[in-house]
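Student: Please pick out a single part of this model and take me through it closely. Keep it relaxed, but spell out the cut-offs as you go.

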Amino acid sequence: MRRTGSRRTGSRRAGAPGTFDPGGTMRRIPVLIVGGSLTGLSAAVFLGTHAVPGLVVERRDSILAHPKLQGLVPRAMELYRQAGLEPDIRAVAPEAASAGDLLSVRARTLADEHEPLTEAGDEDERAEEAAATASPCAFAPIGQDELEALLVERARKLGGLVQYGTELTGLEQDPDGVTAQLRGPDGTTETVRAQYLIAADGAAGGVRRGLGVRTTGPGTFFHMATMHIRADLSEALRGRSVGMAYLSEPAAGTTLGPLDATGEHWFFATSRPPGSPGTDPETDPAAWVRAATGLPGLDVELLEQVPGSGGRVFTFPVGARVADRYAVGRVFLAGDTAHLMPPTGGLGGLTAVEDVHNLAWKLALVLRGSAGPELLATYETERRPVAERNMRQALARGRTRWQFPGHETDEPLLDFYALTYGYQYRSAAVPGAPDDGAPLLPVTALTAVPGSRAPHIYVSQDADPLSTLDLYGKELVLLVGPDGDLWAEAAARAAELLNTPVETYHLDTDLARPHGLGDQGALLVRPDGFVAWRSAGAADGPDAVFERVLRTLLLR
């Protein structure tokens with residue numbers, strides 16, 4: 001494999017990504033991000049990889065010291081790998097190599113007999129083997145609090161700002177931007193002018209409601225009370241290894257899992273049904289833990305959730321709904337603000353991270369002036385169908401694991417690997433997409449079909465091997481066969497004409513074939529690693545063809 005490419009020409013437009021502009025008495029920024037949890041911090045990191053500094057404002061005083069998310073599936077790790085975070089995540093979570101290392105079980109209490117649970121597709125050995133080779137990344141057993149600390153550090157290194165104790169108190173927008181009123185931890189107010197705003201303030205946040213955006217779906221089922229506890233559960237475990245336990249005591253929806261290898265620190269969550277005597281978490285939270293473990297005399301220590309706050313019980317809604325709109329003017333909804341789903345299978349966290357990964361490169365190209373603003377409309381077109389499917393699947397998995405009553409679903413469990421790898425986009429930003437809908441692809445069919453995630457193939461076998469997925473993340477990438485010089489030359493001319501860089505890599509025949517390319521073929525991959533267009537071989541007038549493809553993708 002060898003690399004050629006094009007460079008962007010011309011000067012940077014005023015207001016394009018770069019540094020924060022104080023702008024006199026009003027601070028001016030490219031993107032304001034409301035909400036500093038997983039979604040908002042990931043947005044800042046992904047924008048930073050495109051040289052777009054984002055300002056994250058979070059009303060809490062610090063990172064919530066609670067691992068709401070209990071690990072990163074390989075697909076999520078791929079996205080953080082693009083941002084250079086994989087080594088840092090592995091340093092924090094070096095032990096497990098796959099999700100299979102964490103056994104999920106269902107039982108009445110932790111002390112009772114356990115029923116092992118598997119993901120749909122786990123019983124298919126062929127799918128399991130294919131999934132193991134579909135990605136350069138493996139499952140990472142990292143808590144959300146640990147991950148968020150890494151995201152804050154990375155966002156700041158990439159030029160972003162993260163402000164805790166800061167609340168959005170007012171929001172107005174016009175055709176040219178968004179004006180936000182912020183109140184800091186000392187009570188002082190500030191006016192910020194941004195070109196775009198990402199609302200990542202969660203399911204209970206006020207931005208979506210303030211915009212008048214409604215949601216569709218079953219709604220909120222219950223509120224989950226979560227705790228970080230220290231307790232010796234060896235008596236209940238009796239030597240059994242458990243990664244996540246779904247329990248029916250003290251109420252349906254109870255979950256318990258280890259936070260480290262010491263056996264002392266545990267994640268605990270349970271629903272809060274009314275009228276549960278003696279188990280109100282605000283008066284006797286340890287009683288919930290004793291009922292769940294089946295150890296009535298257990299010594300339980302509840303640890304502080306936000307350092308210095310004194311809070312030991314954190315509550316969030318569990319339900320299933322998707323916003324009817326993902327954008328209003330220059331404000332975009334992402335994560336739980338756009339979709340709420342039960343926290344089973346890690347689908348909620350994955351969907352949130354994918355949301356902002358999809359949005360970041362589009363915002364960067366528009367801010368840079370390389371793409372028309374209409375490109376941003378493809379964010380909803382592409383991401384909302386994924387969220388709707390994942391919501392239904394998370395609900396089906398929640399019903400299976402928690403067995404909570406009154407929330408039945410006929411939704412069949414889909415193969416987990418197809419669900420996380422095999423979704424396809426159909427939008428104006430995929431000019432080469434076939435007209436066959438957007439079916440889920442099995443992991444064995446990731447063969448560079450336009451609209452799908454590009455395949456992973458190792459191009460080196462060094463100690464730190466390079467994957468084809470490592471080629472993506474910042475710019476558009478053109479892959480051509482060994483005799484694809486005409487396509488490479490056409491891409492260079494179109495890139496210069498449209499002032500948009502395109503990096504070109506010449507593949508040898510062994511690498512071109514898995515991408516569906518002949519020796520004279522070409523494949524255009526978006527910065528998010530999704531295939532935009534493919535020509536299996538040569539074409540008449542490659543200059544005109546590629547310029548048309550590039551204009552279509554960029555909505556120019």
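Tutor: Let's take the largest cavity, whose lining has four nonpolar, five polar and one charged residues (Ala, Val, Leu, Ile, Met, Phe, Trp, Tyr, Cys and Pro count as nonpolar, Asp, Glu, Lys and Arg as charged, and the others, Gly among them, as polar). This is a predicted model, so local features need pLDDT of at least 70 and side-chain atom pairs pLDDT 80 or more, while totals for chains, interfaces and linings use all residues. Residues are numbered from 1 along each chain as its sequence is written, and side-chain values use heavy atoms, with hydrogens and water left out.

A search of the whole structure turns up four cavities of 30 Å³ or more (a cavity is a set of points, on a 1 Å grid over the protein atoms alone, where a 1.4 Å probe fits but cannot get out; lining residues have an atom within 4 Å of a point). The largest cavity holds about 70 Å³ of space (points join across faces, edges and corners, and volume is what probe spheres set on them fill).

Who lines the largest cavity? Walking along the sequence, you meet Phe46, Thr49 and His50, then Gln82 and Ala83. Further on come His357 and Trp361, followed by Gly473, Pro527 and Asp528. Asp528 belongs to the charged class, and Asp528 is on the lining list of the largest cavity. Two helices, α1 (38-49) and α9 (347-368), each supply at least two residues of that lining (helices are DSSP runs of H or I, at least four residues, numbered from the N terminus).

Now for how those two helices sit together. The axes of α1 and α9 come within 9 Å and cross at roughly 30° (axes are lines fitted to C-alpha atoms over the stretch in contact, with angles from 0 to 180 degrees between N-to-C directions). The crossing of α1 past α9 is right-handed (the near helix is turned clockwise from the far one by less than a right angle; anticlockwise is left-handed). From α1, the contact uses Leu38, Thr39, Ser42, Ala43, Phe46 and Leu47 (contact means heavy atoms within 4.5 Å). From α9, the partners are Gly349, Ala352, Val353, Val356, His357, Ala360 and Leu363. That contact divides into nine nonpolar, four polar and no charged residues. Phe46 and His357 do double duty here, appearing in the helix contact and also in the cavity lining.

Helix α1 has another neighbour to look at: α1 and helix α5 (residues 144-157) pack at an angle of about 30°, with their axes 9 Å apart. That angle makes α1 roughly parallel to α5 (angles under 35 degrees count that way). Here α1 passes α5 in a left-handed crossing. On the α1 side you'll find Leu38, Leu41, Ser42, Ala44 and Val45. Facing them from α5 are Gln144, Leu147, Glu148, Leu151, Val152, Arg154 and Ala155. The residues of this contact split into eight nonpolar, two polar and two charged. Leu38 and Ser42 are worth highlighting in your viewer, as both belong to the contact with α5 and to the contact with α9.

Conventions. On a 1 Å grid over the protein atoms alone, a cavity is a set of points where a 1.4 Å probe fits but cannot get out, and a pocket is an open set with protein on both sides within 12 Å along at least five of seven lines; lining residues have an atom within 4 Å of a point. Angles under 35 degrees count as roughly parallel, over 145 as roughly antiparallel, 65 to 115 as roughly perpendicular and the rest as oblique.
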